[in-house]
Amino acid sequence: QVQLVESGGGLVQPGGSLRLSCAASRSAASFNAMGWYRQAPEKQRELVAAITSSGRTNYADSVKGRFTVSKDNAKSTLYLQMNSLKPEDTAVYYCNAHKFTSWGAEYDYWGQGTQVTVSS
């Protein structure tokens, strides 16, 4: 079974930085796309950033220019570099991996989440 384990969350002051990591039990190259989602208290879970197997990225407007998503296929690890953090970035951040097969099946895998708190 595919396992995704996030790390790197914590408490940081506004304007600070954090780097999240997601270690996968399978090479990142085996997924068609990987991404980061977040869910704040009493809010909907939202896509923060995603990267395809070819390296194409997309970001939520709220984080564009501040966050960078990347991956290391050899290390089977997805990263999210978060700079210029704001209190509204406070949320549980989840790693996601998506895979589709040649016969049309689709699979989504999720990590357990890591808490990011931005507060003075």
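Leaving aside its neighbours within four places in sequence, Ala97 is in contact with Leu4, Phe31, Ala33, Met34, Tyr107, Asp108 and Tyr109, and this residue of the predicted model is a good place to begin. Ala97 lies in strand β9, and with a relative accessibility of 0% it counts as buried, because buried means under 20% relative accessible area. One of its contacts shows how the chain folds back on itself: Ala97 and Met34 are 63 residues apart in sequence, and yet their C-alpha atoms are 4.4 Å apart in space. Among the contacts of Ala97 are also Phe31, Tyr107 and Tyr109, and these three residues form one aromatic cluster.

Strand β9, which runs over residues 91-100, also holds Cys95. What is Cys95 joined to? A disulfide joins Cys95 to Cys22, with a distance of 2.1 Å from S to S, and the count of disulfides in the structure comes to 1. In general, a disulfide is a covalent bond between the sulfur atoms of two cysteines. The pair links distant parts of the chain, since Cys22 belongs to strand β3 (residues 18-24) and Cys95 to strand β9, 73 residues apart. Both ends of the link are shielded by the protein: Cys22 is buried, with a relative accessible area of 0%, and Cys95 likewise counts as buried at 0% relative accessibility. The torsion about the S-S bond of Cys22 and Cys95 is about -80°, and therefore the disulfide is left-handed.

From Cys22 we can turn to the sheet in which strand β3 takes part. This is an open sheet of 4 strands, in the order β1-β3-β8-β7, with antiparallel pairing. The strands β1 (4-7) and β7 (67-72) stand at the edges, each with a single partner strand, so one side of each is left without a neighbour in the sheet. On average, and with direction ignored, neighbouring strands of this sheet are turned by 15° against each other. Between β1 and β3 the antiparallel pairing extends over 4 bridges, and in this pairing Leu4 stands opposite Ala24 in β3. Leu4 has already appeared in this account, as one of the contacts of Ala97.

Another residue of strand β3 is Ser21. Is Ser21 buried or exposed? At 18% relative accessibility Ser21 counts as buried, because the limit for that word is under 20%. Apart from neighbours within four places in sequence, Ser21 is in contact with Val5, Glu6, Ser7, Trp36, Thr77, Leu78 and Tyr79.

Strand β9 has pairing of its own to consider, for β9 and β11 pair in the antiparallel sense over 3 bridges, and the bridge partner of Tyr93 in β11 is Thr114. Strand β11 also pairs with strand β2 (residues 10-12), here in the parallel sense and over 3 bridges, with Thr117 in β11 as the bridge partner of Leu11. In a regular strand the side chains alternate between the two faces of the sheet. Strand β11 (residues 114-118) has a covered face, made up of Thr114, Val116 and Val118, and an uncovered one, made up of Gln115 and Thr117.

The aromatic residues deserve a closer look, and the structure holds 3 aromatic pairs. A pair of aromatic rings is described by the distance of the centres and the angle of the planes. Tyr37 and Trp110 form a pair that is edge-to-face, at 5.0 Å centre to centre and with 65° between the planes, and this pair links distant parts of the chain, with Tyr37 in strand β4 (residues 33-39) and Trp110 in strand β10 (residues 106-110), 73 residues apart. Tyr37 is partly exposed, with a relative accessible area of 22%, and Trp110 is partly exposed too, with a relative accessible area of 37%. Trp110 has a further partner, as Arg45 lies over the face of Trp110 at 4.9 Å from the ring centre. The charged end of Arg45 also sits over the ring of Tyr94, 3.9 Å from its centre.

Finally, two serines in loops have backbone angles to note. Ser76 lies in the loop between β7 and β8 (77-82), and its phi is near 55°, a positive value in a residue other than glycine. Ser84, found in the loop between β8 and β9, has a phi near 50°, again a positive value in a residue other than glycine. Ser76 counts as buried at 14% relative accessibility, whereas Ser84, at 40%, counts as partly exposed.

Technical notes:
Residues are numbered from 1 along each chain as its sequence is written. This is a predicted model: local features need pLDDT of at least 70, side-chain atom pairs count only at pLDDT 80 or more; totals for chains, interfaces and linings use all residues. Side-chain values use heavy atoms; hydrogens and water are left out. A disulfide is a pair of cysteine sulfur atoms within 2.5 Å. Buried means under 20% relative accessible area, exposed over 50%, partly exposed in between (1.4 Å probe, protein chains only). Contact means heavy atoms within 4.5 Å. Rings of Phe, Tyr and Trp (its six-membered ring) pair if their centres lie within 6.5 Å; planes under 30 degrees apart count as stacked, over 60 as edge-to-face and the rest as tilted. A charge sits over a ring if NZ of Lys or CZ of Arg is within 6 Å of the ring centre and within 35 degrees of the ring normal. Two strands pair if DSSP finds at least two bridges between them. Axes are lines fitted to C-alpha atoms, for helices over the stretch in contact, and angles run from 0 to 180 degrees between N-to-C directions.
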